[in-house]
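The following paragraphs walk through a predicted model, moving from single helices to the way two chains meet. Please keep the structure in view while reading.

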Amino acid sequence: MEQLVFYLFATIAVVAGLVVVLQRKAIYSALALIVCFGSIAVLFYQLGAFFIAAIQVIVYAGAIMVMFLFVVMLIDPESEFFSFNRIRRVSVLALPMSAVLALILLWAMPVLRESDTNSQSLAQKGSIEVIARSLFSDYLLPFEVTSILILVAVLGAMVLAKKVD
Amino acid sequence: MVSTTQFLVLGAILFSIGTLGVIVRRNTITMFMSIELMLNAVNLTFLAFARHFDQVDGQIFVFFVMTVAAAEAAVGLALIVLLSKRNDSVDIDQANTMKW
């Protein structure tokens, strides 16, 4: 059953990822990316990361992708043509190059002993309490630095998007 | 139970698809979306290892990756809007001037 769920949502994620890359219109790419993020959230849930799965749906598929959709609708990008005279030379090599990258990543994969984590500790590890304890003790400084980063990002976005005279 | 290796293989495949998108596409927004896909593939790998070694640190890292991705999306999309205003196009091949 778990295998079935994994393969189902892995297939959906890969197909949606391919649609993101191969679709001509940016709006369809964005919608396919939302589907991809949703199925990846299911896989996160399967890995026992319940909090991260919820964050994935709320922040990624929700907030970030809505921002993408806003921008796509705002500037209305023209659909690309994949005709041969306009195609970039690098694109011909792109498919074998990314296939080689995938092979390298698979080759570099460590041989892993099956871990013996039981589902009890898995459910505990994914809970908000455990994450919050770690986040606000061991990772307190990175957490605070992240808040400064977000503040700078907000200021930068406002300065950039301001009307240019 | 789904093994860690299966998740790692899926992460590798999704990362390669994202790389393909960054190379092939000329539309800046779609390239940006491919980068988000690559980030998600890496997140999947982080969580697979977090489960494998039974530690919570991997999940914390995914949390940070997500916050940084949100900040990056805000600034990047602002840049894309600016680019489309100036250039009247989001084609990456036309963004080749350093000064207007």
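In this predicted model, helix H1 of chain B is mostly covered, with 16 of its 21 residues buried. The helix runs over residues 4-24, and because each residue should add 1.5 Å, a span of 30 Å is expected, which agrees with the 30 Å that separates its end C-alpha atoms.

Chain A holds 7 helices and 0 strands, so that its pattern along the sequence reads α-α-α-α-α-α-α. Of the 165 residues in chain A, 35% are buried, and among the contacts between residues at least 6 apart in sequence, 61% join residues at least 24 apart.

Within this chain, helix H6 (residues 128-135) has A:Ile131, A:Ser134 and A:Leu135 as its buried residues. Seen down the axis of H6(A), these buried residues fall within an arc of 100°, and therefore they line one face of the helix. The face turned away from that buried side carries A:Glu129 and A:Arg133, both of which are exposed.

Between the chains, the axes of helix H7 of chain A (residues 140-161) and helix H3 of chain B (residues 57-87) come within 9 Å and cross at roughly 10°. Because angles under 35 degrees count as roughly parallel, H7(A) and H3(B) are roughly parallel to each other. Residues making this contact include A:Phe143, A:Leu149, A:Ile150 and A:Leu160 of H7(A), together with B:Phe63, B:Phe64, B:Val68 and B:Leu82 of H3(B). The residues of the contact of H7(A) with H3(B) divide into 17 nonpolar, 2 polar and 1 charged.

Methods
Residues are numbered from 1 along each chain as its sequence is written. Chains are lettered from A and ligands numbered from 1 in the order in which they are written. This is a predicted model: local features need pLDDT of at least 70, side-chain atom pairs count only at pLDDT 80 or more; totals for chains, interfaces and linings use all residues. Side-chain values use heavy atoms; hydrogens and water are left out. Axes are lines fitted to C-alpha atoms, for helices over the stretch in contact, and angles run from 0 to 180 degrees between N-to-C directions. Helices (H or I, at least four residues) and strands (E, at least two) are DSSP runs, numbered from the N terminus. Angles under 35 degrees count as roughly parallel, over 145 as roughly antiparallel, 65 to 115 as roughly perpendicular and the rest as oblique. Contact means heavy atoms within 4.5 Å. Ala, Val, Leu, Ile, Met, Phe, Trp, Tyr, Cys and Pro count as nonpolar, Asp, Glu, Lys and Arg as charged, and the others, Gly among them, as polar. The expected span of a helix is 1.5 Å times one less than its number of residues. Buried means under 20% relative accessible area, exposed over 50%, partly exposed in between (1.4 Å probe, protein chains only). The arc is that of the directions from the helix axis to the C-beta atoms.
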